[in-house]
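Hi everyone, thanks for coming. I'd like to walk you through the covalent and charged links in one chain, so please have a look at the model while I talk.

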Amino acid sequence: MGLSLRMWIVSILVLTQLVHGALCWGDDGHYSVCKIAQGYFEEDTVVAVKKLLPDYADGELAAVCSWPDEIKKLPQWRWTSALHFADTPDYKCNYEYSRDCPKDWCVTGAIFNYTNQLMSASVNSQSIVHYNLTEALMFLSHYMGDIHQPLHEGFIGDLGGNKIKVHWYNQETNLHRVWDDMIIESALVTYYNSSLPRMIHALQTKLKNGWSNDVPAWASCQINQATCPNLYASESIDLACKYAYRNATAGTTLGDYYFVSRLPVVEKRLAQGGIRLAATLNRIFSAKPKLSRA
């Protein structure tokens with residue numbers, strides 16, 4: 001599929017980062033979600049996704065899963081900034097679409113929107129003239145990662161932990177960045193010799209073994225629903241209250257205990273995000289979707 005001028009400019013920026021190995025840790029989380037998802041695509045989904053991907057992705061969905069983060073600060077894309085999260089009122093450890101996604105303008109609304117765009121085009125080729133399906137695919141894939149990060153459904157007052165200044169070991173940062181980047185970064189260094197493929201392989205192994213009985217439930221949605229982001233958001237705010245915010249007040253130094261006890265939560269959310277992205281795309285593109293094992 002040909003690229004618009006704006007996508008071409010962004011693709012050059014992304015390629016430059018790839019060539020110089022300058023991917024940030026947030027990108028690693030999104031890459032992991034999409035890489036896991038690719039292993040569970042049905043055959044029809046593989047064909048459809050490759051057809052929609054921009055040329056520079058070289059057939060790899062994971063290569064473009066951070067695209068929405070790359071563009072959101074550009075003037076023409078600033079309208080997408082609010083689509084990365086769905087914050088709840090302070091100390092409300094539950095999610096309600098009507099309350100937390102005003103005018104459908106949040107990450108759950110975005111997942112519904114881009115899923116519907118891809119669904120409508122898959123059954124009606126005339127819809128292609130109304131939607132940019134390449135962008136829809138990349139947005140959906142990215143937001144499926146975002147919604148599984150607990151603090152993307154954090155509290156409004158602290159902007160999902162962005163206003164909570166903490167130390168991650170001896171580095172000053174904020175709580176949101178700890179969950180976006182630093183837990184993954186520390187895991188890569190501590191357990192995987194700074195190798196992202198090793199970490200992804202470990203998650204894939206857990207999906208085949210330790211989590212194998214959970215995968216069908218993770219992938220399922222209510223009858224006739226292609227995706228169910230309200231469930232994912234509800235899980236995330238619950239985890240934010242139980243794990244992200246707990247013992248992480250402003251000025252706290254977060255170290256080994258926080259890292260070791262929260263890493264399993266991060267790993268599971270990456271895996272769930274991958275499974276659910278695959279299941280959603282399979283329901284969109286496959287005539288008889290059945291989550292295949294990687």
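**Cross-links and charge pairs**

Let me start with one acidic side chain: Glu235 has a relative accessibility of 22%, so we call this residue partly exposed. Before going further, please keep in mind that this is a predicted model.

What does Glu235 pair with? One partner is Arg276, and the two side chains meet in a salt bridge with 2.7 Å from N to O. Glu235 sits in helix α11 and Arg276 in helix α12, so this contact ties together parts that are 41 residues apart in sequence. Arg276 is itself buried, because its relative accessibility is just 2%.

There is another arginine to look at here. Arg269 also meets Glu235 in a salt bridge, again with 2.7 Å from N to O. Arg269 belongs to helix α12, residues 256-285, and Glu235 to helix α11, so here the pair ties together parts 34 residues apart in sequence. As for accessibility, Arg269 comes out at 4%, so Arg269 is buried too. If you are wondering why such pairs form, side chains of opposite charge can pair when their charged atoms come close.

How many salt bridges does the count come to? The answer is nine. Another of them joins Glu96 to Arg99, with the closest N and O atoms 3.7 Å apart. Would you call these two buried or partly exposed? Glu96 has a relative accessible area of 36%, so Glu96 is partly exposed. Arg99, at 27%, is partly exposed as well. Salt bridges with shared partners also bring in Asp100, so that Glu96, Arg99 and Asp100 make up one network, given the 4 Å limit for a salt bridge.

Now to the cysteines. How many disulfides does the structure hold? There are four. Counting the bonded cysteines along the chain, the pattern reads 1-2, 3-8, 4-5, 6-7.

Let me pick out the link between Cys93 and Cys241, whose sulfur atoms are 2.0 Å apart. This disulfide connects distant parts of the chain: Cys93 is in the loop between α4 (67-71) and α5 (97-100), while Cys241 is in helix α11 (residues 229-244), and the two are 148 residues apart. That brings us back to helix α11, where Glu235 lies as well. The torsion about the S-S bond is -95 degrees, a left-handed link. Its two ends are worth a look on your screens. Cys93 has 39% relative accessibility and counts as partly exposed, whereas Cys241, at 15%, counts as buried. Why is Cys241 called buried? Because 15% falls below the cut-off, buried being under 20% relative accessible area.

Next, Cys101 and Cys106 are joined by a disulfide, S to S 2.1 Å. This link is left-handed, with -105 degrees about the S-S bond. Cys101 is buried at a relative accessible area of 3%, and Cys106 is buried at 2%.

The last one I'll show is the disulfide from Cys221 to Cys228, at 2.2 Å from S to S. Its torsion is about -85 degrees, so this bond is left-handed. Cys228 is buried, with a relative accessible area of 9%.

To wrap up, I'd suggest keeping two places on screen for the discussion: Glu235 with its partners Arg269 and Arg276, and the Cys93 to Cys241 disulfide. Thanks, and I'm happy to take questions.

Note on methods: Residues are numbered from 1 along each chain as its sequence is written. This is a predicted model: local features need pLDDT of at least 70, side-chain atom pairs count only at pLDDT 80 or more; totals for chains, interfaces and linings use all residues. Side-chain values use heavy atoms; hydrogens and water are left out. A disulfide is a pair of cysteine sulfur atoms within 2.5 Å. Helices (H or I, at least four residues) and strands (E, at least two) are DSSP runs, numbered from the N terminus. Buried means under 20% relative accessible area, exposed over 50%, partly exposed in between (1.4 Å probe, protein chains only).
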